[in-house]
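Here's a quick walk through a model, with an eye on its empty spaces, a couple of its helices and some backbone oddities. Keep the viewer open as you read.

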Amino acid sequence: MSLLLLVLFLVMSAFGVPLAVALGLASVLAIVVFTSTPIDLLAQSMFSAMNSFLLVAVPLFILVGVLMERGHVAEKLFDFAEAIVGWLPGGLGHVNVASSVIFGGVSGSSVADIASIGAIEIKAMERHGFPKGYAVGMTLCTSTLSSIIPPSILIVIAGSIANASIGTLLVAGLIPGLFIALMFMVFNHFYAVRYGYNPSKPFNMRLVVTTGIAAILPMLTPVILLIGIVDGYFTPTEAAGIAVLYTLFLSVILYRTISLRELPTIFIETARTSGTILFIAATAKLAAWVFTFDGLPAQVATFLAAISTGPTMVLVLIFLFLIVVGMFMDAIAAMFILIPVLMPSAVSLGVDPIHFLIVMVITLTLGLVTPPVGVCLFAVAQVAKMSIEDVIKGSLAPMSILVGAILALVLFPQLTLTPIRLLGLY
């Protein structure tokens, strides 16, 4: 039953059928062929997958990202990042990393990162002597930080699928995100020193203060959300609603970078993106039902136990598998399909569930920047006006740093789990 579903799904996807449609059709056909389940029950199951209070946070966080992008808030964040780290050797490369960290804490979306500050980062690095290929490669790879640093849309979705604490997962994603950012900055430092790019300039405290004042209100967004969620003042979904109201206040009333006439267009764009995600959630519910009915999680657990020597080896194998999956499948669709299959198997073999979910989200972000379906890859190529081949060539070095950093997180779960244990969240 699972085999028929997977074969039909892959065949339809190869012919260009949208992922959600292919998954839904394959699931329905597998259920009809192998069981006598009434069709109306399948419709009810699809509806129940979307009827989730947690999933309401997804369109709200998407709306926050769109508002931040359209409201030109990113420029303020970039200027502040430049004031903080622009004076270091290889300064604009560090600014590229830092601005993605800061913007990620506001938007939670890698695509929004590239669309809003991608062109600024690339042009600034070029002006300071960096080759365009390197600037584009760094911009592409650092955009993944926006999908890891809370509030991360992917982490919210993963937590809702696994029925895990969203607050705990968001905090758990913070240190891994900062660790990956640090690895990028170490790499950029040695690269800039070796080739003599972007000589250092004096540190200017006055500039830090002035740009910090301009950026302080947008940067309060992740602080408010994390403190509110961790301390129990509001749920992740309520936090997303508060973030929308706060962002509307900044963009429409305070900065006046978005007019009231633009809001309907922004809401429609958000609805289209959200509808795609929720459609995947609905059809993935059917696929998960098929896998459970077929006993696939238990079979996967038996297979992993037979070829591995412990939880670390299990996670390494899953990490390698997810890299391949991410290259050919959207991260959100992959999570809806694979979490119900892989997570029970991994947990039964000793892998911590929170660590598993964080590793899965971070590994699948690689799919955003790799061919043939990397959304961010095509976005940065359009922004930089470069061919896909040249973008890939320029991103090989920073991408290898990204893969190495994720592998370190796989091998050392303490990087993920220690902070949330110290905070008493786990």
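What follows takes the pockets, then the cavity, then two helices and a few single residues, all in a predicted model.

## The largest pocket

Let's begin with open space. Rolling a probe the size of a water molecule over the atoms shows where empty space is left. The largest pocket holds about 730 Å³ of space. Its lining is made of 30 residues, and V111, T273, I277, D330 and I332 are the ones nearest the centre. The elements that contribute two or more residues to this lining are α2, α4 (57-70), α7 (110-127), α9 (153-162), α13 and α16 (331-348).

Which helix gives the most to the lining of the largest pocket? That's α13, with 6 residues. As for chemistry, the lining of the largest pocket splits into 19 nonpolar, 8 polar and 3 charged residues.

## The second largest pocket

The second largest pocket comes in at about 620 Å³. This one has 21 lining residues, with L6, F321, V325, M329 and L338 nearest its centre. Two or more lining residues come from each of α1 (2-14), α14 (296-307), α15 (311-328) and α16. The top contributor to the second largest pocket is α15, which supplies 6 residues.

How many charged residues sit in the lining of the second largest pocket? There are no charged residues there, just 20 nonpolar and 1 polar. If you're comparing the two linings, recall that the largest pocket has 8 polar and 3 charged residues in its own. Helix α16 is worth colouring in your viewer: it's listed among the elements that line the largest pocket, and again among those that line the second largest.

## A closed cavity and a cis proline

Now for enclosed space. The structure has 1 cavity of 30 Å³ or more, and the largest cavity has a volume of about 40 Å³. Around the largest cavity you'll find F61, P150, P151, L170, P222, L225, L226 and I229. Helix α11 (residues 205-230) provides the largest share of that lining, 4 residues. By class, the lining of the cavity is 8 nonpolar, with no polar and no charged residues.

Two of the names in that lining are P150 and P151, and the peptide bond from P150 to P151 is cis, with omega near 5°. For context, most residues other than glycine have a negative phi, and most peptide bonds are trans. P151 belongs to the loop between α8 and α9.

T144 is also in the loop between α8 (132-142) and α9. Is T144 buried or exposed? Its relative accessibility is 1%, so T144 counts as buried. Setting aside neighbours within four places in sequence, T144 makes contact with S110, T365, V369 and L402.

## Two helices, two surroundings

Helix α6 (residues 91-107) has 17 residues, which at 1.5 Å a residue should span 24 Å; the end C-alpha atoms are 24 Å apart, so the numbers agree. Where does α6 sit relative to the rest of the structure? It's largely enclosed, because 17 of its 17 residues are buried. Just after α6, G108 has a positive phi of about 75°.

Helix α3 (residues 39-50) has 12 residues and an expected span of 16 Å at 1.5 Å a residue, and its end C-alpha atoms are 18 Å apart, which agrees. The buried residues of α3 are L42, S45 and A49. Seen down the axis of α3, these buried residues fall within an arc of 60°, so they line one face of the helix. The spacing rule behind this kind of pattern is simple: an α-helix has 3.6 residues a turn, so residues three or four places apart point the same way. Among what covers the buried residues of α3 are α2 (19-34) and α13 (263-294).

## Positive phi outside glycine

Finally, a couple of backbone angles to check. N163 has a phi near 55°, a positive value in a residue other than glycine. You'll find N163 in the loop between α9 and α10 (166-195), and at 68% relative accessibility N163 counts as exposed.

R256 isn't a glycine either, yet has a positive phi of about 55°. R256 is placed in the loop between α12 (236-254) and α13, and with a relative accessible area of 70% R256 is exposed.

Technical notes
Residues numbered from 1 in each chain as written. Predicted model: local features only at pLDDT ≥ 70, side-chain atom pairs only at ≥ 80, totals over all residues. Heavy atoms only, no water. Expected span 1.5 Å × (residues − 1). Buried < 20%, exposed > 50% of the residue type's maximum accessible area, 1.4 Å probe, protein only. Arc of directions from axis to C-beta. Contact = heavy atoms within 4.5 Å. 1 Å grid on protein atoms, 1.4 Å probe; cavity = no way out; pocket = protein on both sides within 12 Å on 5 of 7 lines; lining within 4 Å. Points joined across faces, edges and corners; volume = space filled by probe spheres on them. Nonpolar A, V, L, I, M, F, W, Y, C, P; charged D, E, K, R; others polar.
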